[in-house]
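Dear colleague,

I am passing on the structure below, together with some notes on what was found in it. Please read them with the structure open.

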Amino acid sequence: REEISVKGMFDSIDDEPNKFSRALEDGIRSQTGQRDKVVAGLKHSGRYLGEIEKIFDAYAMPREITRLIFVESMFNLKAVSKTGASGIWQFMPGTGKLYLRMNDIVDERNDPIASTHAAAKLLRRNYDSLGTWPLAINAYNAGRGRLEQAVARTGTTEIARIIKEFSHPGY
């Protein structure tokens, strides 16, 4: 349905053979080929999501934040990034070692339950330090120190203003 609706927006442009390519150049972004990944992620989530929500409840955290897994790994239990992040919560080795057992035999980043406890601890610590969930979630990827720096430089905790005004190569 959505594709038909978007196509309909271009129906009145008859004289331009490359109208769709031009639209992409003008800033319309799209991503294709994700349906299978989303469906697989939803299937995998059914096995663990209830327990993950209970863990977040125990840390007095909003359940909605559990959906960050879909952004991080699409619930792929074997997800590994090019930069070394691993597991459904995509912990980098350095951060993972702060909260999880990691050695030559065990890497708890790949344990959905252990890594969820670690993610909850990290996010809760971010929130306690930064004071808002949007900042805490942003710090999950950018680092708490970077977000503390952003708040200090911009003089605000409003994530929208920080995104617009804070400039840093690592952000």
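The notes that follow cover confidence, one helix and the nonpolar cores.

This is a predicted model, in which local features need pLDDT of at least 70 and side-chain atom pairs count only at pLDDT 80 or more, while totals for chains, interfaces and linings use all residues. Residues are numbered from 1 along each chain as its sequence is written, and side-chain values use heavy atoms, with hydrogens and water left out.

The average pLDDT (the predictor's confidence in each residue, from 0 to 100) is 88, and 83% of the residues score at least 70. Confidence is lowest in helix H2 (residues 19-25), with a mean of 60, and highest in H6, at 97; helices here are DSSP runs of H or I, at least four residues long, numbered from the N terminus.

At the start of H6, a side-chain oxygen of aspartate 111 comes to within 2.8 Å of the backbone nitrogen of isoleucine 113, and after H6 comes glycine 131, with a positive phi near 90°. Among the buried residues of H6 (buried being under 20% relative accessible area, with a 1.4 Å probe and protein chains only) are Thr116, Leu123 and Arg124.

The largest nonpolar core (buried Ala, Val, Leu, Ile, Met, Phe, Trp, Tyr and Cys residues joined through side-chain atoms within 4.5 Å) has 25 residues, and those touching the most other members include Ile52, Phe56 and Trp89. H6 gives the most to this core, with 6 residues. A second, separate core has 7 residues, including Leu130 and Phe166.

Best regards

Technical notes
Buried < 20%, exposed > 50% of the residue type's maximum accessible area, 1.4 Å probe, protein only. Helix = DSSP H or I, 4+ residues; strand = E, 2+ residues; numbered from the N terminus. Polar contact = N/O pair within 3.5 Å; in protein donor to acceptor, adjacent residues only side chain to side chain.
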